[in-house]
Amino acid sequence: GLGEGGKVAGGGSMADGSLDAPCTDVGAEVTALDAAGCWLLVGTRTGRLQLYSDPSPSWRAPAELVADTDLAEGAATGPVEQVSVQPASGIALALRAGTVTIHQLGDLSCSAKLGEEASAFALNSSHAVLRLAVATPSCILLFRLGAVVEQLRSLPLAHGRVRKLLWHGKSLACGFR
């Protein structure tokens, strides 16, 4: 769960409604979270992307910071809006200031930047290779994420700005503003 003042807590008991796991102070207000396996990916209001690892299989110990990077570039400011961690593919993704960035899981080094004025992204891991959809003002860009990032196609939009994307099987659901 989320704590106040930029803290992230894991674990807790649903039986008694308590959150009894240790909190990890991430040093800024948390704006995006994703977790998979032993990894926790955190986006902050100040534009930082932080990767934590669970030292225990139950998330009962404080998370250990593995990597921390600043996604802010030049004068562009703003929070990290969306994150996704994909341990099977060894990557992490983040959306900030209209750009989707793809990072290597171990050190968060940036391997690709996608989309111009992007507002949301969604991943489909039901294929042997990850598929990524990135919403821009005029279209949804579809990519295949492998050793090389390959743009597959562009789907024009007729209904306005996409705020949320979700893969459901082979279909893509869009939430518009």
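Is arginine 144 buried, partly exposed or exposed, and what is its relative accessible area? Arginine 144 is partly exposed, with a relative accessible area of 29%. This report describes a predicted model, beginning with the chain as a whole and then turning to its salt bridges and to several individual residues.

## The chain as a whole

The chain has 177 residues, of which 40% count as buried. Its secondary structure consists of 16 strands and 0 helices. The surface that the chain exposes amounts to about 9200 Å², and carbon and sulfur atoms supply 51% of that area. When contacts between residues at least 6 apart in sequence are considered, 34% of them join residues at least 24 apart.

The count of disulfides comes to 0. Two cysteines may be described by their exposure: cysteine 38 is partly exposed, at a relative accessible area of 34%, whereas cysteine 139 is buried, at 10%.

## Salt bridges

Side chains of opposite charge can pair when their charged atoms come close. In the whole structure, a search finds 4 salt bridges. The table presents three pairs, including the one formed by arginine 144.

| Pair | Closest N to O distance |
|---|---|
| Arginine 45 and glutamate 29 | 3.1 Å |
| Arginine 48 and aspartate 70 | 3.7 Å |
| Arginine 144 and glutamate 150 | 2.8 Å |

The salt bridge between arginine 45 and glutamate 29 links distant parts of the chain, 16 residues apart. Arginine 45 is in the loop between strand 4 (39–44) and strand 5 (48–53), while glutamate 29 is in the loop between strand 2 (23–25) and strand 3 (30–36). Arginine 45 is partly exposed at 42% relative accessibility, and glutamate 29 is partly exposed at 43%.

A further salt bridge is formed by aspartate 70 and arginine 48. Aspartate 70 belongs to strand 6 (residues 64–70) and arginine 48 to strand 5, so this pair ties together parts that are 22 residues apart in sequence. Aspartate 70 has a relative accessible area of 40% and is partly exposed; arginine 48, with 27%, is partly exposed.

In the pair of arginine 144 and glutamate 150, glutamate 150 counts as partly exposed at 36% relative accessibility. Elsewhere, salt bridges with shared partners join Arg48, Asp68 and Asp70 into one network.

## The hairpin of strands 13 and 14

How do strand 13 and strand 14 pair, and over how many bridges? Strand 13 (residues 139–145) and strand 14 (residues 149–156) pair in the antiparallel sense over 7 bridges. The two strands form a hairpin, with 3 residues between them. Within this pairing, leucine 142 stands opposite arginine 153 of strand 14.

Leucine 152 also lies in strand 14. This leucine is partly exposed, at 29% relative accessibility. Leaving aside residues up to four places away in sequence, leucine 152 touches Arg131, Leu142, Phe143 and Arg144. Between leucine 152 and leucine 132, which are 20 residues apart in sequence, the C-alpha to C-alpha distance is 9.7 Å.

## Two buried polar residues

Glutamine 86 is found in strand 7 (residues 80–86). Because buried means under 20% relative accessible area, glutamine 86 counts as buried at 17%. Its side chain makes a polar contact of 2.9 Å with the side chain of serine 84. Apart from residues up to four places away in sequence, glutamine 86 touches Ile91, Leu93, Leu123 and Leu130.

Serine 119 is located in the loop between strand 10 (110–114) and strand 11 (120–124). Is serine 119 buried or exposed? Serine 119 is buried, with a relative accessible area of 6%. The side chain of serine 119 reaches the backbone oxygen of valine 162 at 2.4 Å. Not counting residues up to four places away in sequence, serine 119 touches Leu95, Ala135, Arg161, Val162 and Arg163. For one of these residues, leucine 95, the C-alpha atom is separated from that of serine 119 by 7.8 Å, although the two residues are 24 apart along the chain.

Technical notes
Residues are numbered from 1 along each chain as its sequence is written. This is a predicted model: local features need pLDDT of at least 70, side-chain atom pairs count only at pLDDT 80 or more; totals for chains, interfaces and linings use all residues. Side-chain values use heavy atoms; hydrogens and water are left out. A disulfide is a pair of cysteine sulfur atoms within 2.5 Å. Buried means under 20% relative accessible area, exposed over 50%, partly exposed in between (1.4 Å probe, protein chains only). Helices (H or I, at least four residues) and strands (E, at least two) are DSSP runs, numbered from the N terminus. A polar contact is a pair of N or O atoms within 3.5 Å; within protein, one must be able to donate a hydrogen and the other to accept it, and residues adjacent in sequence count only if both atoms are side-chain atoms. Contact means heavy atoms within 4.5 Å. Two strands pair if DSSP finds at least two bridges between them. Accessible areas come from the Shrake-Rupley method with a 1.4 Å probe; for residues, only the protein chains shown count as cover. A salt bridge is a side-chain nitrogen of Lys or Arg within 4 Å of a carboxyl oxygen of Asp or Glu.
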